[in-house]
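Here is a friendly tour of a protein model, meant to be read with the coordinates open in your viewer. Have a look around first, and then we can go through the details together.

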Amino acid sequence: MRRTGQDVDEFIAQVVPAVRRRDAATLVDLMRRVTGEEPEMWHPGIVGFGLHHYDSASGGGQTGAAGFAPRRPSTVVYLAEGIDSHADALSRLGPHTTGRVCLYLKNLDDIDLAVLEDIVRASYETVTAAEHGQLEGR
């Protein structure tokens with residue numbers, strides 16, 4: 001992925017439907033607080049915080065160490081180290097669905113935001129610790 005340089009506030013102002021726009025603004029505040037990083041736009045339509053290097057079948061690349069994408073059907077929160085390590089917290093979160101590294105949320109009003117904050121914090125700390133070699137030998 002690549003940074004786009006697009007203004008995050010301008011991007012969020014154009015998000016539809018309105019619930020996704022509202023949830024995006026909430027997630028920017030939450031992730032900024034948790035990561036201590038400023039949001040940046042990544043292609044395609046992902047708001048990222050910090051930096052994460054990943055490996056993939058296509059050779060890998062970079063993306064935000066924490067991030068989300070407000071998509072029409074749901075907001076996608078990316079957990080780069082995978083969903084499995086968050087099973088306990090996810091059981092307390094509220095309505096959601098998951099993919100391998102994706103947490104899908106339809107409405108932040110329906111979930112426990114403190115639990116989401118804990119999940120994002122744990123994910124960010126894991127990913128950034130790995131970036132700095134702090135997980136070697138685990």
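Let's begin on helix α3 (residues 87-93), where R92 and D88 sit 4 residues apart, about one turn of the helix. Keep in mind that this is a predicted model. From that pair we move on to other salt bridges, then to a helix, a strand and a pocket.

**Salt bridges**

- R92 and D88 are joined by a salt bridge, with 3.4 Å between the closest N and O atoms.
- An α-helix has 3.6 residues a turn, so residues three or four places apart point the same way.
- D88 counts as exposed because its relative accessibility is 55%, and the cut-off for exposed is over 50%.
- R92, with a relative accessible area of 45%, is partly exposed.
- How many salt bridges does the structure hold? The count is 9.
- Helix α4 (residues 113-131) contains both D118 and R121, which are 3 residues apart, about one turn of the helix.
- D118 and R121 form a salt bridge whose closest N and O atoms are 3.7 Å apart.
- D118 is partly exposed at 42% relative accessibility, and R121 is partly exposed at 28%.
- Which residues are linked in a network of salt bridges with D118 and R121? They are R33 and E117.
- Another salt bridge brings together the side chains of E38 and R32, at 3.1 Å from N to O.
- R32 has 30% relative accessibility, so it counts as partly exposed.

**Helix α2**

- Helix α2 covers residues 18-35, and its 18 residues should span 26 Å at 1.5 Å a residue.
- The C-alpha atoms at the ends of α2 are 26 Å apart, which agrees with that expected span.
- Several residues of α2 are buried, among them the charged residues R20 and D23.
- The buried residues of α2 also include A24, L27, V28, L30, M31, V34 and T35.
- After α2 comes G36, which has a positive phi, near 75°.

**Strand β5 and its partners**

- Is β5 enclosed by the rest of the structure or open to the outside? Since 5 of the 5 residues of β5 are buried, the strand is largely enclosed by the rest of the structure.
- A66, F68 and P70 point one way from β5, while G67 and A69 point the other way.
- Residues on both of these sides of β5 are buried.
- β5 pairs with strand β2 (residues 46-49) in the antiparallel sense, over 3 bridges.
- Opposite G67 of β5 stands G48.
- β5 also pairs with strand β6 (residues 75-78), again in the antiparallel sense, here over 4 bridges.
- F68 has V77 of β6 as its bridge partner.
- The connection from β5 to β6 is a hairpin of 4 residues.

**The largest pocket**

- The largest pocket holds about 380 Å³ of space.
- Its lining is made up of 15 residues, and those closest to the centre of the pocket are H52, Y54, T63, A80 and V101.
- Which elements give two or more residues to the lining of this pocket? They are β3 (52-54) and β5 (66-70).
- Sorted by class, the lining has 9 nonpolar, 4 polar and 2 charged residues.
- β5 therefore appears in two roles: its residues are buried, and it gives two or more residues to the lining of the largest pocket.

Notes
Residues are numbered from 1 along each chain as its sequence is written. This is a predicted model: local features need pLDDT of at least 70, side-chain atom pairs count only at pLDDT 80 or more; totals for chains, interfaces and linings use all residues. Side-chain values use heavy atoms; hydrogens and water are left out. On a 1 Å grid over the protein atoms alone, a cavity is a set of points where a 1.4 Å probe fits but cannot get out, and a pocket is an open set with protein on both sides within 12 Å along at least five of seven lines; lining residues have an atom within 4 Å of a point. Grid points are joined across faces, edges and corners, and a volume is the space filled by probe spheres set on the points. The expected span of a helix is 1.5 Å times one less than its number of residues. Buried means under 20% relative accessible area, exposed over 50%, partly exposed in between (1.4 Å probe, protein chains only). Two strands pair if DSSP finds at least two bridges between them. A salt bridge is a side-chain nitrogen of Lys or Arg within 4 Å of a carboxyl oxygen of Asp or Glu.
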